[in-house]
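Opened the notebook for a new model today. I want the layout first, then the core, then one residue that caught my eye.

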Amino acid sequence: MLITAGVIIQNGFVSFLLALLFIAFNEGAFLFNQWKQSLLEQEKLRQENLVARVEGLKKQLDPHFLFNSLSVLSGVVYQDPALADRYISKLAQVYRYVLDHTEEKQVPLSAEMAVVEAYCFLLNVRFYNKIQMHLRIATPSAQVLPLSIQLLVENAVKHNYISEDHPLSLSIYTQDQVIWVENSLRRKTVKVHSSGIGLQNLEARYRYFSGQSIRIEETADTFRVGLPLLNDSL
């Protein structure tokens, strides 16, 4: 009777060990698959970020912007030397910012807005003050990705019709840890050549560096993009 009880206990113990090993094996396989999937997702985001940075760099140093800027400058340098002097200063500010911050992960919102204001000054000289910018920034110490807001302003100018009767209204404001860039919507009737990578680039960069996505909203007369405000721990 004692032998039978011992055998039963021994068999039960062996069964328990086998069950434990089976559970451990399944749990290990599950965790391994999760780890493998995580690595694949990280690699995908890394590749997206590399593409985004290359395309972003090409866009940031867009020769068409420099060509347009120099064309505008040639038109005002003799007519209004004081304006030409300010124009050169703002143009230098924009390009200095591009060169200094292209490789940085993030920048203070205040620094980004300073270059956006300089960029809008250049645009207003080109478009004869037909771009109206309204700012409501509650958290200037927050962080954003470099040249992210400038890109959105550039897109608004590129894709919308601007005239004396229909100036482009730009509103840049913070709300609930998001900075919104909103523009009046009056799309050009002539199709604008676009690579279509601007917002995709921005989305990939934000996902890579912060794990967050940008927000895009459109109504009949407005278009806006929301960028998550970042902390300084990235």
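I read the order of elements from the N terminus as α-α-α-β-α-β-β-α-β-β-α-β-β. That comes to 6 helices and 7 strands. Note to self: this is a predicted model.

Next I looked up the overall numbers. The protein has 234 residues, and 35% of them count as buried. For the surface I got about 14,500 Å² exposed, with carbon and sulfur atoms supplying 59% of that. I also checked contacts between residues at least 6 apart in sequence: 75% of them join residues at least 24 apart.

Then the core. Which residues touch the most other members of the largest nonpolar core? I found Ile149 and Leu227, out of 51 residues in that core. The elements giving two or more residues to this core include the helices α2, α3 (81–101) and α5 (148–159), and also the strands β4 (168–175) and β7 (222–228). The largest share comes from α4, with 11 residues.

I followed Leu227 further. Leaving aside its neighbours within four places in sequence, I listed its contacts: Ser148, Ile149, Leu152, Gln177, Val178, Ile179, Leu202, Tyr206 and Ile214. So Ile149 turns up again, as one of the residues in contact with Leu227.

Last entry: Ser69, which sits in helix α2 (residues 63–76). Is Ser69 buried or exposed? I put it down as buried, because its relative accessible area is 2% and the cut-off is under 20%. Beyond the neighbours within four places in sequence, Ser69 is in contact with Tyr87 and Leu91.

Methods:
Residues are numbered from 1 along each chain as its sequence is written. This is a predicted model: local features need pLDDT of at least 70, side-chain atom pairs count only at pLDDT 80 or more; totals for chains, interfaces and linings use all residues. Side-chain values use heavy atoms; hydrogens and water are left out. Helices (H or I, at least four residues) and strands (E, at least two) are DSSP runs, numbered from the N terminus. Buried means under 20% relative accessible area, exposed over 50%, partly exposed in between (1.4 Å probe, protein chains only). Contact means heavy atoms within 4.5 Å. A nonpolar core is a set of buried Ala, Val, Leu, Ile, Met, Phe, Trp, Tyr and Cys residues joined through side-chain atoms within 4.5 Å. Accessible areas come from the Shrake-Rupley method with a 1.4 Å probe; for residues, only the protein chains shown count as cover.
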